[in-house]
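Got your viewer open? Let's take a walk through this model, one selection at a time.

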Amino acid sequence: MHTQFDLAAVLCLLGICLGALVYGLADLSFSISGYVWLTMNVIAISWYQVMMKNIASQKLLNTLGMTLYNNVLSVPLFMLQTIINKEDLRDASLSSSALGILVASAVCGTILSITAVAMNQYMTATSLMVLNHVNKFCLILLEHFLIEPTLTWISFAGTLQVRFLSIWQLK
């Protein structure tokens, strides 16, 4: 939390923001409402990351306690969403393969959550935010190469700029 940044780190973060802006402006499926929601998501995740770093630095809970507390907080939101969508869970039946995928997802999510909470003890809040948000650009590149090419050359250049500057920032 009280980390001092040198000029190179500040320029790197500005370069990451510029690369993200270049990507967004060249996005073929640009939607102002989509980018408003994305901006709200980035603000919420950044705030959450700073709060988690603050809690982790105070060492109020160990890694497993933080993970449990963090994941239990999502249960009321899940229940509220279920009520809002008027979902009837009494008739919910899953095939064995769907159940297996659900269990595997829960196990992977738990491992990811434990790892993320543990990383809070070793990284600055800024580095955690860069890592978290830059992973989204990794998914954009994976989608482009493995699923469907959706990037223009300009948006591809913005994506690469974010990736390379983030690697440099996290070194």
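## The whole chain

Follow the chain along its sequence and the pattern you meet is α-α-α-α-α-α-α. That makes seven helices and zero strands. Keep in mind that this is a predicted model. Colour it by confidence: the mean pLDDT is 79, and 94% of the residues reach 70 or more.

Now zoom out. The C-alpha trace spans about 55 × 45 × 30 Å along its principal axes. Of the 171 residues, 25% count as buried. If you switch on contacts with a separation of 6 or more, 75% of them join residues 24 or more positions apart.

## Stop one: helix α1

Select residues 7-25, which form helix α1. How far apart should its ends be? At 1.5 Å a residue, 19 residues should span 27 Å, and the end C-alpha atoms are indeed 27 Å apart, so the two agree. Next, pick out Ala-9, Cys-12, Gly-15, Ile-16, Gly-19, Tyr-23 and Gly-24: these residues of α1 are buried.

## Stop two: where α3 meets α5

Select residues 63-72 for α3 and 96-119 for α5. Confidence is lowest in α3, at a mean of 79, and highest in α5, at 84.

How do the two helices cross? Their axes come within 9 Å and cross at roughly 120 degrees. The helices α3 and α5 are therefore oblique to each other, and the crossing is right-handed. To see who does the touching, show Thr-63, Leu-64, Met-66, Thr-67, Asn-70 and Asn-71 on α3, then Thr-110, Ser-113, Ile-114, Val-117 and Ala-118 on α5.

Definitions and conventions
Residues numbered from 1 in each chain as written. Predicted model: local features only at pLDDT ≥ 70, side-chain atom pairs only at ≥ 80, totals over all residues. Heavy atoms only, no water. pLDDT = per-residue confidence, 0-100. Helix = DSSP H or I, 4+ residues; strand = E, 2+ residues; numbered from the N terminus. Expected span 1.5 Å × (residues − 1). Buried < 20%, exposed > 50% of the residue type's maximum accessible area, 1.4 Å probe, protein only. Axes fitted to C-alpha atoms, helices over the stretch in contact; angles between N-to-C directions. Parallel < 35°, antiparallel > 145°, perpendicular 65-115°, else oblique. Left-handed = near helix turned anticlockwise from the far one by under 90°. Contact = heavy atoms within 4.5 Å.
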